[in-house]
Each structure stands twice: as structure tokens, then as C-alpha cells.
Amino acid sequence: MKRFFTAFLSLTIAAANTMGCIAETNTDETTIVMEIGSPTATVNGIETEIEPGEDVSPVISEGRTLAPLRFLAENLGFEVEWDAETQQITITKGANSEAAVKDEISKAETKTTEEDNNMININISIGDKEFEAVLYDNETAKAFAEKLPVTYDMSELNGNEKYFYMEDSLPADDIDPEMINTGDIMLYDSNYLTIFYDTFVPSYYSYTPMGYIVNPDGLSEAVGSGDVTVTITK
């Protein structure tokens, strides 16, 4: 399941050149969409590498979304300079731009924080390993949260997922994901709770996104290659 960070920026550049940050001239809107863990992004619908030849991507750290500053700035028309000696970044273009971009970044962070606040924090126990996870703010995840706590004997499938058939169906809203990431929690065919322990490109299956494990390091080792008992609690 893809987790997106989206920045909608629309600012006006003043005539004078001073230090700061600016997004776009006049009232044109620039839309940048980045996927957590993906080295590619779209700028106004055009896909591009964030840092050609480098594995640079947005990440979630301690509950906050961190996006590549250089990519954002340069695609909004700024000049970015890095001083290795002083360990300082200088972003230049436009009068009053620093305050303007700080305001837009603050708005984006506020939107992300509001979305994060609506998520449901859960814990997933597998053997002696525990993983922090979140459920999305959607009807499927909310319906599943009402079932918690649960303990399921999950079956192995395809060398990349564990699944459990639930007798009670959950509301589904399927999508065709372009990428499935390690730690993604999804619903298949209304009844199958699925936890993925590997990242891969799906061929033709559709799923309803439910949430994800925040830090999936060690997940593959924890679930092993066979069936596994998984306990999920709030």
C-alpha cells in the first residue's frame, strides 16, 4: 500500500531577490506527490526521480513525515546551496519568500498531523517480537478496530504475506496498488486480513488498504516461512 505525502503550494513571487523560499509565480498551483519509501515522485502529474542514481525517498520517522528538501525546493523554482564546511543549506529566490514557504510548509505539516491524529494506534505481537502499527482513517480499518483484541493463526502465501480468513466480512474499497511495501496491512476480498512481510510489485490482485507497521525491521524474520500466530491489540 502506498503512503503519500502531498504538497499543494501556490504562492506569489515578489520582484526583489532576497534569501528565502518561493513556490510558484503568480497564482499557479504546483502539486508534488511523493510516496513514502519511493525514489520517484510526480510534479503536476509528471513522474520523475527524486535524486537520480540515489536511493532518496520520503520517510516516516517517529510519527512525522520527512520529505526531501532539495527536491521540493528545486521543483518550486528555488536555488539550493549546501555548504559542507558550515553544514548549512541556503535556499534563495524572491522577496518575503522565507516567511511564505514556512507558512506553506506549516500548512502541509498541519494537514499531515491531522491525518495522523485520526489514525488508530495498534500493537502486533508475533512470538517474542512486538511491532507498532497504525490503522488508516477509513471504514474498513475502523470496523476491524472494533474486533480488537484478536489472535489469529495466519497462513503463509507466496513467500511475501500472511493471511487469515475472517468469518465476518469487513466493508471493502478495493484499489489496484502499484507497489506493496513490507509491513502493509490490507484486506482482500472482504474477509482476508493480510500482512505483507516483503516489498514487491503486485500482478493483478486488488486490496483495501487498512494500515501499516510503522517500523517493519525484523518482520520477515518474525513471521518466518510457515504459518504463524499473530496477536493484534489497541
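1. A residue counts as partly exposed when its relative accessible area lies between the limits for buried, under 20%, and exposed, over 50%. S190 has a relative accessibility of 23% and is therefore partly exposed. The model under discussion is a predicted one, and the points below take up its overall make-up, its surface, its backbone and its salt bridges.

2. Overall make-up. The protein has 234 residues, of which 38% count as buried. Its secondary structure consists of four helices and 16 strands. Among contacts with a separation of 6 or more, 58% are made by residues 24 or more positions apart. The accessible surface amounts to about 13,000 Å², and carbon and sulfur atoms contribute 46% of that area.

3. The loop between β13 and β14. S190 is placed in this loop, and its phi is near 70°, a positive value in a residue other than glycine. D189 lies in the loop between β13 (184-188) and β14 (192-196) as well. The phi of D189 is near 55°, again positive in a residue other than glycine. With a relative accessibility of 46%, D189 falls between the 20% and 50% limits and so counts as partly exposed. A colleague inspecting the backbone may wish to view the two residues together.

4. The cis peptide bond. L148 and P149 are joined by a cis peptide bond, with omega at about 5°. P149 is located in the loop that runs between α3 (139-145) and β11 (150-157).

5. A salt bridge from the loop between α3 and β11. K147 and D168 meet through their side chains in a salt bridge, at 3.6 Å from N to O. This pair links distant parts of the chain, with the two positions 21 residues apart: K147 belongs to the loop between α3 and β11, and D168 to the loop between β12 (161-165) and β13. K147 has a relative accessible area of 26%, which means that this lysine is partly exposed.

6. Further salt bridges. The structure holds four salt bridges; including the pair in the preceding point, three are described in this note. In one of them, E74 pairs with R70, and their closest N and O atoms are 3.0 Å apart. Both residues belong to helix α1 (residues 69-74), where they are four residues apart, about one turn of the helix. E74 is partly exposed because its relative accessible area is 40%, and R70 is partly exposed because its value is 33%. In another salt bridge, the side chains of D137 and K142 come together at 3.2 Å, N to O. D137, at 40% relative accessibility, counts as partly exposed; K142 is also partly exposed, with a relative accessible area of 36%.

7. The negative surface patch. Which residues form the negative surface patch? They are E79, E81, D83 and E85. Of these, E85 is found in the loop between β7 (79-83) and β8 (88-92). The relative accessibility of E85 is 75%, and the cut-off for exposed is over 50%, so E85 counts as exposed.

8. The nonpolar surface patch. L69, W82 and I89 make a nonpolar surface patch of about 310 Å². W82 is a residue of strand β7. Is W82 buried or partly exposed? Its relative accessibility is 46%, and W82 therefore counts as partly exposed. Strand β7 spans residues 79-83, so this point and the preceding one are best read side by side when the strand is examined.

9. A buried position. M34 is placed in strand β2 (residues 30-35). Its relative accessible area is 0%, and since buried means under 20%, M34 is buried. M34 and I50 are 16 residues apart along the chain, and their C-alpha atoms are separated by 8.8 Å.

Technical notes: Residues numbered from 1 in each chain as written. Predicted model: local features only at pLDDT ≥ 70, side-chain atom pairs only at ≥ 80, totals over all residues. Heavy atoms only, no water. Patch = residues over 30% accessible without salt bridge, like charges linked within 9 Å, V, L, I, M, F, W, Y side chains within 5 Å. Areas by Shrake-Rupley, 256 points an atom, 1.4 Å probe, with all protein chains shown as cover. Lys, Arg positive; Asp, Glu negative; His and termini not counted. Charge placed at Lys NZ, Arg CZ, Asp CG, Glu CD. Buried < 20%, exposed > 50% of the residue type's maximum accessible area, 1.4 Å probe, protein only. Contact = heavy atoms within 4.5 Å.
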